[in-house]
Amino acid sequence: MKRRGLARLAIPGAFVALILLLALAAPLLPMPDPIRQDIARRLAGPMPGSWLGRDEFGRDVLSRLIWGARTSLSVAFASALFAGLVGVTLGLIGGWSRSWSASFTVRGVEIIMCFPPVLLALLVVTLLGPGAATLILVLSVLYVPGFARVTYAEVVAVKGREYVEAARALGARPSRILFRTVLPNIAGPLLVQFSLAVAAAVVLESGLSFLGLGVVPPAPSWGLMIRGARATMEQAPLLLLWPCAALTLTILAMNLLCDALRDWLDPRTTDH
């Protein structure tokens with residue numbers, strides 16, 4: 001089962017790795033400037049040097065797709081990382097101490113989950129203004145409860161295990177037990193939660209950018225590309241196809257990777 005789960009990781013993992021590699025290498029690739037306009041070639045189709053054509057302002061579509069992946073993934077990974085740091089810390093403290101104050105902290109964070117994510121994001125972005133920094137802040141706040149709940153449940157489940165009791169008997173401090181003994185043993189579910197948060201953040205970032213409340217133009221973003229292609233979809237339908245396909249395939253690969261990670265890290269599976 002473990003070998004089968006590892007095989008399931010290969011295809012989506014390779015696709016996600018390819019997207020990440022392209023996004024990281026965007027400044028080094030021999031591509032046109034993604035924000036440089038060439039009105040003379042506005043809405044031009046695929047051609048040598050511009051393999052996916054030009055958009056409504058004459059900007060290279062392929063270059064904007066790759067730089068848009070860099071923008072979306074940067075926002076998604078940064079927000080998931082910040083949310084993970086805060087949420088895991090709250091979950092560790094709450095699950096370990098089980099005191100009224102610690103439990104209240106974890107339960108208080110869950111109040112955020114009562115608000116629809118899109119509406120809460122729209123409210124904060126409207127108040128603070130659009131931009132990548134605002135998006136990271138909003139998405140971090142939205143995904144803290146998920147990390148806190150998963151960490152809290154896992155800590156409660158493992159705090160009575162033999163290896164934890166052994167660390168206590170050796171006189172280890174609670175902080176050392178939490179970060180050196182408990183945390184490595186609950187890393188699997190947290191890794192799955194991180195991948196889910198990244199996938200959800202990519203969708204939400206694209207949606208907010210589509211509404212004009214995310215990445216500020218002329219910076220490339222898949223949501224902005226979809227928004228801009230609506231007005232010219234009859235003259236150049238491919239302009240709408242490319243960002244939609246990139247977003248769909250990326251989210252599909254990330255979701256498949258999350259499912260494969262969950263199955264591979266499940267302790268109930270056995271290797272045959």
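Start with the surface of the whole protein, which exposes about 14,300 Å² in this predicted model, and colour it by element to see that carbon and sulfur atoms supply 69% of that exposed area.

Next, hide the surface and show the C-alpha trace, turning it along its principal axes, where the protein spans about 75 × 50 × 30 Å. Switch to a cartoon view and follow the chain from its start: the protein has 10 helices and zero strands, so that, read along the sequence, the pattern is α-α-α-α-α-α-α-α-α-α.

With the cartoon in place, colour the residues by relative accessible area, and look for the buried ones, which make up 44% of the 272 residues in the protein. Then display the contacts: among those between residues at least 6 apart in sequence, 71% join residues at least 24 apart.

Now select the charged side chains, of which 24 are positive and 15 are negative. If you mark the centre of each of these two sets, you will find that the centres lie 6 Å apart.

For the last stop, select two cysteines, Cys244 and Cys258, and ask of each whether the residue is buried or partly exposed. Cys244 is partly exposed, with a relative accessible area of 30%, whereas Cys258 is buried, with a relative accessible area of 2%. While the cysteines are on display, how many disulfides does the structure hold? The structure holds zero disulfides, which means that no pair of cysteine sulfur atoms in the model lies within 2.5 Å.

How values were computed
Residues are numbered from 1 along each chain as its sequence is written. This is a predicted model: local features need pLDDT of at least 70, side-chain atom pairs count only at pLDDT 80 or more; totals for chains, interfaces and linings use all residues. Side-chain values use heavy atoms; hydrogens and water are left out. Buried means under 20% relative accessible area, exposed over 50%, partly exposed in between (1.4 Å probe, protein chains only). Helices (H or I, at least four residues) and strands (E, at least two) are DSSP runs, numbered from the N terminus. Contact means heavy atoms within 4.5 Å. Accessible areas come from the Shrake-Rupley method with a 1.4 Å probe; for residues, only the protein chains shown count as cover. Lys and Arg count as positive and Asp and Glu as negative; His and the chain ends are not counted. The place of a charge is taken as NZ of Lys, CZ of Arg, CG of Asp or CD of Glu.
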